[in-house]
Structure formats: structure tokens, C-alpha cells
Amino acid sequence: MDFTGKRVLITGGSRGIGRAAAVAFARAGARVAINFHSNKEAAEEAIKAMPGNGHFAVRADISKPDAVFRMVGAVAEELGGIDILVNNAGVFFPHPVAQSDYAAWQESWSQTIGINLMGAAHTSYCVARQMMGQGMPGKILFVSSRGAFRGEPEHTAYGASKAGMNALAQSLAQELAPYHIFVGAVAPGFVETDMAAHVLDGEGGAAVKAQSPTGRVARPEEIAHCILFLATEGAAYATGCILDVNGASYLR
Ligand SMILES: NC(=O)c1ccc[n+]([C@@H]2O[C@H](COP(=O)([O-])OP(=O)(O)OC[C@H]3O[C@@H](n4cnc5c(N)ncnc54)[C@H](OP(=O)(O)O)[C@@H]3O)[C@@H](O)[C@H]2O)c1
């Protein structure tokens, strides 16, 4: 896959799946801006791991609409435009009904929906407007989750945020096609990253791996590969798709 000269923004590009996608895009010739929230060291490490020149990190809490607006403006200026957006940043933490008081429940829902869904919506809006102004084809990709379809017990806000993200992606695919903007999503099952460590390293970890007939969960590079595939020109007619990447652990 060749992305020579393409200008890419990846939210949450400092760790896990976003970092793997950033490295893969850089290896394929793109210039990449990675967004991060609080872990500057990880962002700097990610930049060092990316081949080629001109990559940079930008701090922004994507749950803050003003910060998203500033981030997209700064990235577009530094890169000279944006061709590909990967809405990847997200959070996943437990808030079981039986163990959460009402205040904790509300806080979990506000944070999760604010980052995973509204953050992605606001970033997509700002980047779509940028792409419309450029008058060139663009790609807006989402990193969703199997949980949108299979359910996320004890992480209910997360499952809802990803179901909302799927609907957002599909609506935008229809709305933005006349502007030559492709919109698609990948929906991974569990992936070996910091986010999933509390599940995979816990007592239920072996059972989670056994959900797939491959007997394992995904590596971040495998999700990155599918993200890049959706960003290729040859995949253009797949706009509106939600690509399952879950090792046949959940078939729908
Ligand atoms: N891992 C899985 O099993 C799995 C499965 C299905 C889907 N996914 C989805 O894949 C995406 C990436 O997950 P991951 O496993 O790679 O996660 P991860 O390793 O925990 O990395 C999360 C990334 O998101 C950033 N981030 C978190 N909150 C943010 C905010 N408010 N503003 C901006 N950036 C923020 C983090 O930045 P800092 O480093 O600064 O905190 C980090 O770069 C998520 O959308 C997740 O829901 C993951």
C-alpha cells in the first residue's frame, strides 16, 4: 500500500492501535500527525518509531470541542491539508451497575460518550469541513468495536459509544460521498494494547482469547493493516462499511 505524500491525522496515535497505524502510514510514505491526550512521552516515542520525516504530535483532549477545532486547524496548517483522518482515540473502563453508585455511573457515561463518540463526531466535522475546502477526495475512518454488536457487560457506555460511532460513520458515508469523502469503520475484537490489559491479564483473559477459534486476540498491527486497506483508493466503493476484525469471535 502506497500513501506517498498523503497527509494523515490519527487521534490517540501515541499508543496501541493508533500508534501501529501511524507507523504503518509513515512506512507507506505518508506524513502523519498523531494526537494524544496526556502521555507526552509515549507520543514522543511513537514519533521516533515512525520512518520518514515531517511527523509530529499534537496534544488535545478530543472531548473538548474547542481543543478539537484548534487541533484540526494546527494540523492542517502544518501538513498543508488533511487527506486521511483516523478517529481512533478512545477509553474503556468498567462501571458495573451493581458496584457503581449513581454519581460514578453518570461520570462514566459522560466521559465515555464525550471522548469515544462526541470526540469523534467533532473531529470528523472539523476535518470534513477542511476536506470540503480542499476540494480533493478525502478519507474519514473510525476505530469502532465488536462490542457495538456483541454487547459490553460492565462497560455499557463503551458499547453504546461504539454503536453510536457506527451510526455516525454510516450517516456520514452517505452525506459526504457527493464531496468525494470516503467514510468507513473497522470493528476490532480484543487487541493486545494497554486498553485491554485489565481484561486480558485478568482471570477471564484465557476465556477471552478462546472466543476466537484462532485462540488469540489481535495484534495492533493487524488492525492497522485493515485501517490502511480502507484508506486505499481501491477500497473506495466500500464506503459506509464496518469491517469486522475479530478473528471470527463474533459473526453477524
Ligand atoms: N484494545 C482493544 O481491545 C480494542 C478493541 C476494539 C476497539 N478498540 C478501539 O481502538 C481504539 C484504540 O484503542 P487502544 O487499545 O489502542 O487504546 P490505548 O492503547 O489505551 O490508547 C488510547 C489512545 O487514545 C488516546 N486518548 C485517550 N483519551 C483521549 C482524549 N480524551 N483525547 C485524545 N486522545 C485520547 C490516548 O492518549 P494518551 O496516551 O495521551 O492517554 C492513546 O493514544 C479505541 O477507540 C478503542 O475503543 C480497542
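Lys48 sits in helix H2, which spans residues 40-49. In this predicted model, Lys48 counts as exposed because its relative accessibility is 65%, and exposed means over 50%. Its C-alpha atom is separated from that of Val245 by 28 Å. Along the chain, Lys48 and Val245 are 197 residues apart.

**Helix against helix**

Two packed helices are described by the angle between their axes and the distance between the axes. Start with H4 (residues 102-134) and H6 (residues 156-176). The axes of H4 and H6 come within 9 Å and cross at roughly 15°. Angles under 35 degrees count as roughly parallel, so H4 is roughly parallel to H6. The crossing of H4 and H6 is right-handed.

Which residues of H4 meet H6? Among them are Trp105, Ser108, Trp109, Thr112, Ile113, Asn116 and Leu117. Further along H4, the list includes Ala120, Ala121, Ser124, Ala128 and Met132. The H6 side includes Thr156, Ala157, Tyr158, Ala160, Ser161 and Lys162. It also includes Gly164, Met165, Leu168, Leu172 and Leu176. By class, the contact of H4 with H6 has 15 nonpolar residues, seven polar and one charged.

Ser161 of helix H6 gives a close view of this contact. Is Ser161 buried or exposed? Ser161 is buried, because its relative accessible area is 0%. Leaving aside neighbours within four places in sequence, Ser161 touches Thr112, Ile113, Asn116 and Leu117. Those four residues are also listed on the H4 side of the contact with H6.

Now take H3 (65-79). H3 and H4 pack at an angle of about 35°, and their axes are 9 Å apart. The crossing of H3 and H4 is right-handed. From H3, the contact uses Pro65, Val68, Phe69, Met71, Val72 and Ala76. From H4, it uses His122, Thr123, Cys126, Val127 and Gln130. The contact of H3 with H4 has eight nonpolar residues, three polar and no charged ones.

**Nonpolar cores**

In soluble globular proteins, nonpolar side chains tend to be buried together. Here, the largest nonpolar core has 37 residues. Which members touch the most other members? They are Leu9, Val75, Ile140, Phe142 and Val183. Several elements each supply at least two residues of this core: strand S3 (56-59), helix H3, H4, strand S5 (138-143), H6 and strand S6 (181-188). H4 gives the largest share, eight residues. Apart from this core lies another, of 35 residues. Among the members of that other core are Ile10, Ile34, Ile223 and Val245.

Look at Phe142 in the largest core. Not counting residues up to four places away in sequence, Phe142 touches Asn87, Ala120, Ser124, Met165, Leu168 and Ala169. Phe142 also touches Leu172, Val183, Gly184, Ala185 and Val186. One of these, Val183, is itself named among the members with the most contacts in the core.

**Loops and backbone angles**

Most residues other than glycine have a negative phi. Glu154 and Ala248 each have a positive value, as the table shows.

| Residue | Phi | Relative accessibility |
|---|---|---|
| Glu154 | near 70° | 45% |
| Ala248 | near 60° | 41% |

Where is Glu154 found? Glu154 is in the loop between helix H5 (147-150) and H6. Ala248 lies in the segment after strand S7 (242-245). Glu154 counts as partly exposed. Ala248 also counts as partly exposed.

His155 is placed in the loop between H5 and H6. Buried means under 20% relative accessible area, so His155, at 7%, counts as buried. Leaving aside neighbours within four places in sequence, His155 is in contact with Phe92, Phe93, Pro94, His95 and His198.

Gly29 lies in another loop, between helix H1 (16-27) and strand S2 (31-36). Its relative accessible area is 35%, so Gly29 is partly exposed. With neighbours within four places left aside, Gly29 is in contact with Phe3, Thr4 and Gly5. The C-alpha atoms of Gly29 and Asn88 are separated by 20 Å. Along the chain, Gly29 and Asn88 are 59 residues apart.

Terms used
Residues are numbered from 1 along each chain as its sequence is written. This is a predicted model: local features need pLDDT of at least 70, side-chain atom pairs count only at pLDDT 80 or more; totals for chains, interfaces and linings use all residues. Side-chain values use heavy atoms; hydrogens and water are left out. Axes are lines fitted to C-alpha atoms, for helices over the stretch in contact, and angles run from 0 to 180 degrees between N-to-C directions. Angles under 35 degrees count as roughly parallel, over 145 as roughly antiparallel, 65 to 115 as roughly perpendicular and the rest as oblique. A crossing is left-handed if the near helix is turned anticlockwise from the far one by less than a right angle, and right-handed if clockwise. Contact means heavy atoms within 4.5 Å. Ala, Val, Leu, Ile, Met, Phe, Trp, Tyr, Cys and Pro count as nonpolar, Asp, Glu, Lys and Arg as charged, and the others, Gly among them, as polar. A nonpolar core is a set of buried Ala, Val, Leu, Ile, Met, Phe, Trp, Tyr and Cys residues joined through side-chain atoms within 4.5 Å. Buried means under 20% relative accessible area, exposed over 50%, partly exposed in between (1.4 Å probe, protein chains only).
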